[in-house]
Amino acid sequence: MTLDNLQEYDDPVSYDQENDPYTEDIFFLAKWAEMVKGTIIDLACGTGRASIPLAKQGHNLIGVDLHKGMLEQAKRKSENLQIDWFEQDCSRLDLPVKSPFIFMTGNSFQHFLTNEAQDQLLTSVNKHLDNDGVFIFNTRFPAEEEILQSAVEEYWKSYKEDGQNVDVYTVEEYDALNQIQGCTTIRRYEDGNERKTNIRLRYVFPQEMERLINANGFQILHLFGNWKEAPISNDSKEMICVCKKTVK
């Protein structure tokens, strides 16, 4: 993950108001957390949207993120919980423990834009997993409607921030050669203010994902089309990858 691709996270408080309502992945992660004993690691943890609920259920958590501001917000939200927060690059982890269960949500896998970066991430995860440990992550499914967006402004969604309505628009352009989508997100506030951010995201196709996972010391246990464990299909919006560390 590169520091020049983090504009979306420069305002952690606003980020929380927009994203905290999303909980579809929490039940899925909690089910896997119940199967293990030991410290669970949340990579690209942001402000703790996923790790804080698991800690409240009694699990020991480590949260790792590259963005200092997001971690500071996470610490404020978890003052009474036993979570250790580390400011580190997930592709170069140096943590004091190994874990039976590591996860990365929020489509953070797409921040690793090159083959080398993806390999570094998976190698880093592998080194911090117990033998037969599980790594779960998600990424947007590269369906035609997802990657072949027209480069014109389109309405995406609305939410409330500090009591006022915010309408969100996007402008996207896909670089097929590098499988990277550039996205400008425009947030228009009810009071007339506007905020723009830019981000680049890498897309991976299912068969490409399987080879990538296997080449980095994992096997895919499950490949779902959503957090409700629907089979992956051409109509899927995302891929949920459940991977097991292989011991040679």
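Q: In what order do the seven strands of the open sheet lie?
A: This open sheet has mixed pairing. Two strands pair if DSSP finds at least two bridges between them. Strands are DSSP runs (E, at least two residues), numbered from the N terminus. The order is β3-β2-β1-β4-β5-β11-β10.

Q: Which strands stand at the edges of the sheet?
A: An edge strand here has a single partner strand, so one side of it is left without a neighbour in the sheet. The two are β3 (83-87) and β10 (218-224).

The model is predicted: local features need pLDDT of at least 70, side-chain atom pairs count only at pLDDT 80 or more, and totals for chains, interfaces and linings use all residues. Residues are numbered from 1 along each chain as its sequence is written, and side-chain values use heavy atoms, without hydrogens and water.

Q: Which residue of β3 is the bridge partner of Asp 65?
A: Strand β2 (residues 61-65) runs parallel to β3, and five bridges join them. Leu 61 stands opposite Ile 83. For Asp 65, the partner is Glu 87.

Q: Why is the pair of Phe 135 and Phe 218 tilted?
A: Rings of Phe, Tyr and Trp (its six-membered ring) pair if their centres lie within 6.5 Å; planes under 30 degrees apart count as stacked, over 60 as edge-to-face and the rest as tilted. The centres of Phe 135 and Phe 218 are 6.2 Å apart. The pair is tilted because the planes stand at 45°.

Q: How many residues apart in sequence are the parts that Phe 135 and Phe 218 tie together?
A: Phe 135 lies in strand β5. Phe 218 lies in strand β10. So the pair ties together parts that are apart in sequence by 83 residues.

Conventions
Helices (H or I, at least four residues) and strands (E, at least two) are DSSP runs, numbered from the N terminus.
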